[in-house]
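Here are my notes on the model, set out as numbered points. Please read them with the sequence and the coordinates open beside you.

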Amino acid sequence: AVVERHRNIELSYATPSGEPVEEWFSGWQARIVQHETDHLHGVLYLDKAEIRSLASNAEHTARWASPDIDGARRSLGFLG
């Protein structure tokens, strides 16, 4: 399912020794950080999923087995 995420994020956290850290992430790494941070707050990706992007196994096989990202975005109506 498609989940809208920020492309760039700043993460503030503490190391195991208690030292504060601020770090910027972008692209795929930013998506992963947001996904994992959601888990820390008890949120699953389906809680944030764009409903129109959900598909059954049969539909996935028929339409999404190997689309490129631009083709998938066009089919779902995500233009940005």
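1. In which helix is the place of Asp 38? Asp 38 belongs to helix 1, which covers residues 27–40; helices here are DSSP runs of H or I with at least four residues, strands are runs of E with at least two, and both are numbered from the N terminus.

2. Some ground rules apply to what follows. This is a predicted model, in which local features need pLDDT of at least 70 and side-chain atom pairs count only at pLDDT 80 or more, while totals for chains, interfaces and linings use all residues. Residues are numbered from 1 along each chain as its sequence is written, and side-chain values use heavy atoms, with hydrogens and water left out.

3. On the overall fold, the chain has 4 helices and 2 strands, and the order along the sequence is β-β-α-α-α-α. The radius of gyration of the chain is 16 Å, whereas a compact globule of 80 residues would have a value near 12 Å (taken over C-alpha atoms, with the globule rule being 2.2 Å times the number of residues to the power 0.38). Along the principal axes, the C-alpha atoms fill a box of roughly 50 × 25 × 20 Å.

4. On burial and contacts, 19% of the 80 residues in the chain are buried, where buried means under 20% relative accessible area, exposed means over 50% and partly exposed lies in between, with a 1.4 Å probe and protein chains only. Of the contacts between residues at least 6 apart in sequence, 45% join residues at least 24 apart, a contact being heavy atoms within 4.5 Å.

5. The two strands deserve a look together. Strand 1 (residues 8–14) and strand 2 (residues 20–26) pair in the antiparallel sense over 7 bridges, pairing being accepted if DSSP finds at least two bridges between the strands. They form a hairpin with 5 residues between them, and Gly 18 in the turn has a positive phi of about 95°. Among the bridge partners, Glu 10 is matched with Trp 24 of strand 2, and Leu 11 with Glu 23 of strand 2.

6. Glu 23 can be described further. Because its relative accessibility is 31%, Glu 23 counts as partly exposed. Apart from neighbours within four places in sequence, Glu 23 is in contact with Ile 9, Glu 10, Leu 11 and Tyr 13. The C-alpha atoms of Glu 23 and Ile 9 are 8.4 Å apart, with 14 residues of separation in sequence.

7. Returning to helix 1, is Asp 38 buried or exposed? Asp 38 counts as buried because its relative accessibility is 9%. Leaving out neighbours within four places in sequence, the residues in contact with Asp 38 are Arg 5, Val 43 and Lys 48.

8. His 60 sits in helix 3 (residues 57–64), and it counts as partly exposed because its relative accessibility is 40%. Between the C-alpha atoms of His 60 and Glu 50, which are 10 residues apart along the chain, the separation is 15 Å.
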